Amino acid sequence: MALVPSHWGQGLASDAVKAVAEHARSQGSTYALLAPVAAPNARAHALMQRCGFEELGRIAGPIHHRVVYELAL
């Protein structure tokens with residue numbers, strides 16, 4: 001997900017992540033959500049933590065390694 005800079009800081013990404021998690025919970029067949037985040041993206045890391053995701057591990061990325069977050073449902 002990406003937002004144009006004029007929409008940054010308005011809570012839109014948090015709302016979107018929370019809506020996806022709630023939808024997944026309501027389906028009853030999804031056990032976790034995974035979210036890879038580029039290592040230098042501090043704002044995305046903060047978003048994952050605010051939404052209750054926990055760091056699962058790290059993987060190689062095309063430019064930067066990725067931190068993989070998990071939200072257990």
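1. Let's start with R25, which counts as partly exposed at 38% relative accessibility. Its side chain meets that of E22 in a salt bridge, with 2.8 Å from N to O. E22 is partly exposed too, with a relative accessible area of 48%. E22 and R25 sit three residues apart in helix 1, so about one helical turn separates them.

2. A word on what you're looking at: this is a predicted model. The protein averages a pLDDT of 92, and 97% of the residues score at least 70. Helix 1 (residues 12-27), home of the pair above, has the lowest confidence, at a mean of 93, while strand 2 has the highest, at 98. As a reading rule, predicted coordinates should not be read in detail where pLDDT is low.

3. How many salt bridges does the structure hold? There are two. Besides E22 with R25, E55 forms one with R58, and here the closest N and O atoms are 3.2 Å apart. E55 counts as partly exposed, at 45% relative accessibility, whereas R58 counts as exposed, at 51%. In general terms, side chains of opposite charge can pair when their charged atoms come close.

4. Now the sheet. Three strands make it up, in the order 1-3-2; the sheet is open and the pairing antiparallel. Strand 1 (32-38) and strand 2 (54-59) are the edge strands, each pairing on one side only. From one strand to the next, the twist averages 25°. If sheets are new to you, their strands pair through backbone hydrogen bonds, either parallel or antiparallel.

5. For a closer look at one pairing, take strand 1 and strand 3 (residues 66-72): they run antiparallel to each other over seven bridges. To find your place there, look for P36, whose bridge partner in strand 3 is V68. Helix 2 packs on the sheet and touches both strand 1 and strand 3; the helix direction makes about 160° with that of strand 1.

6. Helix 2 (residues 42-50) also contains H45, which deserves a look. Is H45 buried or exposed? H45 is buried, with a relative accessible area of 12%. Setting aside neighbours within four places in sequence, H45 is in contact with V37, A38, A39, V67 and Y69. The H45 side chain also reaches the backbone oxygen of A39, at 3.0 Å.

How values were computed. Residues numbered from 1 in each chain as written. Predicted model: local features only at pLDDT ≥ 70, side-chain atom pairs only at ≥ 80, totals over all residues. Heavy atoms only, no water. Helix = DSSP H or I, 4+ residues; strand = E, 2+ residues; numbered from the N terminus. Buried < 20%, exposed > 50% of the residue type's maximum accessible area, 1.4 Å probe, protein only. Polar contact = N/O pair within 3.5 Å; in protein donor to acceptor, adjacent residues only side chain to side chain. Contact = heavy atoms within 4.5 Å. Pairing = 2+ DSSP bridges. Axes fitted to C-alpha atoms, helices over the stretch in contact; angles between N-to-C directions. pLDDT = per-residue confidence, 0-100. Salt bridge = Lys/Arg side-chain N within 4 Å of Asp/Glu carboxyl O.
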